[in-house]
Amino acid sequence: MKGLTALLVAAAIWAAGLLAFAERVERSTPAPEPAVADGVVALTGAGSNERIGAAMELLAEGKARRMLVSGVSREASREDIRVVSRAVRRLYDCCVDLGFDAANTLGNARETQEWARAMRFDSLIVVTADYHMPRAMLELRGAMPDKRLTPYPVSTSVMNAGRWWRTSGAARLMVTEYCKYLAILGREAVLGLGPRNEPAPPKKG
């Protein structure tokens, strides 16, 4: 009996967390105008066209000096991405970089970290789908705790965050994203329990 009660309590907590997560996603768009940053990065995935297009608009408006599209399919050409981004060729040719190595959100974080380091950027605007932003920011902040990261979530045709429960596909996507988000929170909590690198004491003499 106690086991069943504990299971029901855990399920209720999980469901309440899912609803809070979904509400957070819904309230995140439209995103406020971001402050000017060194760079803007678009994370590819479901609804990539909207993500890349929104990042390109920020670049064109002078919100950043350079743009990275992270997680580009190796089958896509540079011209394919330009067409998707609806970019003016002059701006695209001078200021847009493509990353082909990332295969998931953790890969996005590592690819973005390497790009920011190579460019010597201290601040980035992060563009991705609204439902993906919470998990993306966890990974990116974990990889770049020293950078100023500004989230810029965008709505995509993949899911209406305000009505996600009305279709099986959208509901499955929201639940899956929530579970992945919890997994990363758990991973970070476990890592936080590990030993910290303490500074070496000063030498005497």
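Lys and Arg count as positive here and Asp and Glu as negative; His and the chain ends are not counted. On that basis the protein chain has 28 positive and 22 negative side chains. The centres of the two sets lie 4 Å apart.

One caution before going on: this is a predicted model.

Overall layout, then. The protein chain has 7 helices and 5 strands. Read from the N terminus, the order is α-β-α-β-α-α-β-α-β-α-β-α. The C-alpha trace spans about 70 × 70 × 35 Å along its principal axes. Of the 205 residues, 45% are buried. The exposed surface of the chain comes to about 11900 Å², and carbon and sulfur atoms supply 57% of that area. As for contacts, take those with a separation of 6 or more: residues 24 or more positions apart account for 78% of them.

Now the strands, beginning with β2, residues 66-70. How many residues of β2 are buried? The count is 5 of the 5, so β2 is largely enclosed by the rest of the structure. In a regular strand the side chains alternate between the two faces of the sheet. In β2, one side carries Arg66, Leu68 and Ser70, and the other carries Met67 and Val69. Both faces are covered. Note that an arginine is on that buried list.

β2 pairs with β1 in the parallel sense, over 5 bridges. It also runs parallel to β3, joined by 4 bridges. Serine 70 appears in both pairings: it is the bridge partner of leucine 43, and its own partner in β3 is glycine 99.

Strand β3 covers residues 96-99. Val96 and Leu98 point one way, Asp97 and Gly99 point the other way, and all are buried. So much for an acidic residue in that strand: Asp97 is buried too.

From β5, residues 148-154, I picked one residue, threonine 150. Is threonine 150 buried or exposed? Its relative accessibility is 18%, and the limit for buried is under 20%, so threonine 150 counts as buried. Setting aside neighbours within four places in sequence, threonine 150 is in contact with Pro34, Leu124, Ile125 and Val126.

Next, helix α6, residues 133-143. This helix is mostly covered, with 8 of its 11 residues buried. Those are Met133, Pro134, Arg135, Ala136, Met137, Glu139, Leu140 and Ala143. Arg135 and Glu139 are both in that set. What covers the buried residues of α6? The cover includes three helices, α1 (2-27), α5 (105-119) and α7 (168-192). It also includes the strands β1 (39-43), β4 (123-129) and β5.

On to the cysteines. A disulfide is a covalent bond between the sulfur atoms of two cysteines. The count for this model is 1 disulfide. Which cysteines form it? Cysteine 94 and cysteine 95 do, with their sulfur atoms 2.3 Å apart. The torsion about the S-S bond is about -80°, so the disulfide is left-handed. The two partners fall into separate accessibility classes: cysteine 94 is partly exposed, with a relative accessible area of 37%, while cysteine 95 counts as buried at 13%. Cysteine 179 is partly exposed, at 35%.

Last, backbone geometry. Most residues other than glycine have a negative phi, and most peptide bonds are trans. There are some departures to go through.

The peptide bond from threonine 29 to proline 30 is cis, with omega near 0°. Proline 30 sits in the loop between α1 and β1.

Arginine 86 has a phi near 55°, which is positive in a residue other than glycine. Its place is the loop between α3 (78-85) and α4 (89-95). Where does arginine 86 stand on accessibility? It counts as exposed, at 58%.

Arginine 120 also has a positive phi, about 60°, and is not a glycine. This arginine is in the loop between α5 and β4. At 74% relative accessibility, arginine 120 counts as exposed.

To recap: β2 is paired in parallel with β1 and with β3. Helix α6 is mostly covered. The disulfide joins cysteine 94 and cysteine 95. The cis peptide bond leads into proline 30. That is what I had.

Conventions
Residues are numbered from 1 along each chain as its sequence is written. This is a predicted model: local features need pLDDT of at least 70, side-chain atom pairs count only at pLDDT 80 or more; totals for chains, interfaces and linings use all residues. Side-chain values use heavy atoms; hydrogens and water are left out. Helices (H or I, at least four residues) and strands (E, at least two) are DSSP runs, numbered from the N terminus. Buried means under 20% relative accessible area, exposed over 50%, partly exposed in between (1.4 Å probe, protein chains only). Contact means heavy atoms within 4.5 Å. Accessible areas come from the Shrake-Rupley method with a 1.4 Å probe; for residues, only the protein chains shown count as cover. The place of a charge is taken as NZ of Lys, CZ of Arg, CG of Asp or CD of Glu. Two strands pair if DSSP finds at least two bridges between them. A disulfide is a pair of cysteine sulfur atoms within 2.5 Å.
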